[in-house]
Amino acid sequence: MAILTLKPRRERSLLRHHPWIFSGAVAEVSGPATPGETVEVRTAEGRWVARAAFSPASQITGRVWTFLESEAVDPGLFDRRVQAAFLRRPSLLGAREGNAFRLVYSENDGLPGVVADRYGSFLVFQLLSAGAERWRETLLDALRKGWASTFPEDALEGIWERSDAEVRQKEGLAPRAGAAWGAEPPALVEVREGESRFLVDVRGGHKTGFYLDQRENRRAVARAARGRDVLNAFAYTGGFGISALQGGARRVTNLESSVEALALADRNRALNGHPAEAWEARPGDAFRVLRALQEEGRSFDLVILDPPKFADSRGQVEGASRGYKDINLQAFRLLRPGGLLFTFSCSGHMSPELFQKIVADAALDAGREGRILRRLEQGPDHPTALAFPEGSYLKGLVVGVE
Ligand code: SAH
């Protein structure tokens with residue numbers, strides 16, 4: 001097996017079980033190692049540290065499969081990792097939660113670059129690293145076995161691949177999407193989440209089709225929504241809007257730049273039996289429409305801001321901050337006295353502290369007083385490995401305004 005030797009003193013984070021080896025920490029790779037191949041990681045002094053997947057194209061040259069010298073990187077490892085990941089979910093989520101959730105969350109489940117989500121009787125997976133790509137067939141096997149033992153009552157109909165995320169480019173991998181096993185999913189897969197039902201476009205939707213990470217926060221919106229006029233900005237397929245109606249909201253205005261997403265949101269409304277009068281679609285750019293709503297004299301009792309990732313890298317945080325500040329400022333201006341703001345950032349590079357400061361600055365500029373009633377985060381099917389703080393990316397604040 002090829003050996004990846006670290007530069008002196010660059011093993012510290014690995015000894016604390018952080019799974020990434022950055023290119024700058026690598027002294028040399030001996031032997032012919034191809035992308036995705038397993039390499040032995042050693043300190044400059046020659047001490048064994050880990051076995052990792054080699055990715056020469058990426059800034060993250062290695063992603064660790066195991067920190068145990070006695071553990072081989074073979075199909076058995078993938079079976080064990082997938083099995084353990086699957087078993088964590090039902091106990092965390094409870095059967096009443098529904099049938100759509102993340103089953104494998106990459107580094108946080110000891111499987112760097114592997115994502116697998118359940119949508120009803122289908123699995124949708126993504127391979128996002130050279131190492132994950134290398135073990136594709138093994139992983140498919142492991143996923144099927146994991147499903148059979150975790151959900152013995154629900155037959156798996158098919159596995160669909162969505163390895164078409166942009167991050168694959170950084171690993172030197174071409175995009176791939178399509179049926180990987182079994183039946184092809186229908187154009188829209190219907191899933192249950194608590195009392196709600198959603199249609200999910202697993203083929204063309206964002207990520208693997210749905211924002212599973214917001215499940216608990218949809219519940220929080222439902223609990224707070226009774227009798228309120230709701231603005232759901234960055235609505236996608238209406239997740240928060242449906243939850244608000246389920247919780248007794250008076251009316252929901254959905255702001256979203258994608259007309260396809262808005263059309264699916266409206267189908268989700270109908271699927272859940274809510275009247276069209278309780279639903280308004282506002283297609284367009286949030287930065288513009290949030291201002292237009294003010295000019296129209298509109299106001300709301302509950303505003304949700306769930307924008308896309310504004311910062312993709314550390315260098316983008318400053319520009320992203322201006323974007324977050326602006327939409328939060330406009331939201332505060334649209335809130336009635338006693339209103340609630342549910343505001344989110346899914347940029348991992350934006351710290352919770354900075355996000356809170358931006359929201360505070362926005363309230364100040366809008367001349368509003370407020371307080372944080374709750375802090376929100378990604379659900380328990382998106383766990384964070386203790387040694388991998390990068391696993392936490394979603395943060396939200398529920399702000400009550402005077
Ligand atoms: N809240 C959603 C997920 C939102 S993802 C849910 O829980 O399901 C962010 C959404 O914002 C995407 O649907 C994207 O199409 C939309 N979007 C991106 N930029 C936008 C903009 N400038 N104005 C309005 N919508 C935008």
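Q: A salt bridge is a side-chain nitrogen of Lys or Arg within 4 Å of a carboxyl oxygen of Asp or Glu, so how many does the structure hold?
A: There are 38 of them. This is a predicted model, where local features need pLDDT of at least 70 and side-chain atom pairs pLDDT 80 or more, while totals for chains, interfaces and linings use all residues. Numbering runs from 1 along each chain as its sequence is written, and side-chain values use heavy atoms, leaving out hydrogens and water.

Q: What makes Arg269 and Asp266 a salt bridge?
A: Their closest N and O atoms are 2.9 Å apart, which is within the 4 Å limit, so the pair counts. Both sit in helix α8, three residues apart, or about one turn of the helix.

Q: Why is Arg269 called buried or exposed?
A: Buried means under 20% relative accessible area, exposed over 50%, and partly exposed in between (1.4 Å probe, protein chains only). Arg269 comes in at 10%, so buried it is. Asp266 has 30%, so that one is partly exposed.

Q: How do you know that the length of α8 agrees with what it should span?
A: Helices are DSSP runs of H or I with at least four residues, and strands are runs of E with at least two, numbered from the N terminus. The expected span is 1.5 Å times one less than the number of residues. For the 13 residues of α8 (259–271) that gives 18 Å, and the end C-alpha atoms are 18 Å apart, so the two agree.

Q: Which residues of α8 are buried, and what covers them?
A: Ala261, Leu262, Leu264, Ala265, Asn268 and Arg269 are buried. They take up an arc of only 160° around the axis (going by directions from the axis to the C-beta atoms), so they share one side of α8. Val259, Glu260 and Arg267 are exposed on the other side. Among the elements covering the buried residues, by contact (heavy atoms within 4.5 Å), are α7 (239–246) and β15 (251–256).

Q: What makes the pairs of Glu280 with Arg282 and Arg298 salt bridges?
A: Arg282 and Glu280 meet at 3.9 Å, N to O, and Arg298 and Glu280 at 2.9 Å, so both fall within the limit. Arg298 lies in the loop between α9 (286–295) and β17 and Glu280 in strand β16, so this pair ties together parts 18 residues apart in sequence. Glu280 is buried at 15%, as is Arg282 at 17%, whereas Arg298, at 24%, is partly exposed.

Q: How do you know that β19 and β20 pair?
A: Pairing needs at least two DSSP bridges between two strands. β19 and β20 (395–401) have seven, in the antiparallel sense, so they pair.
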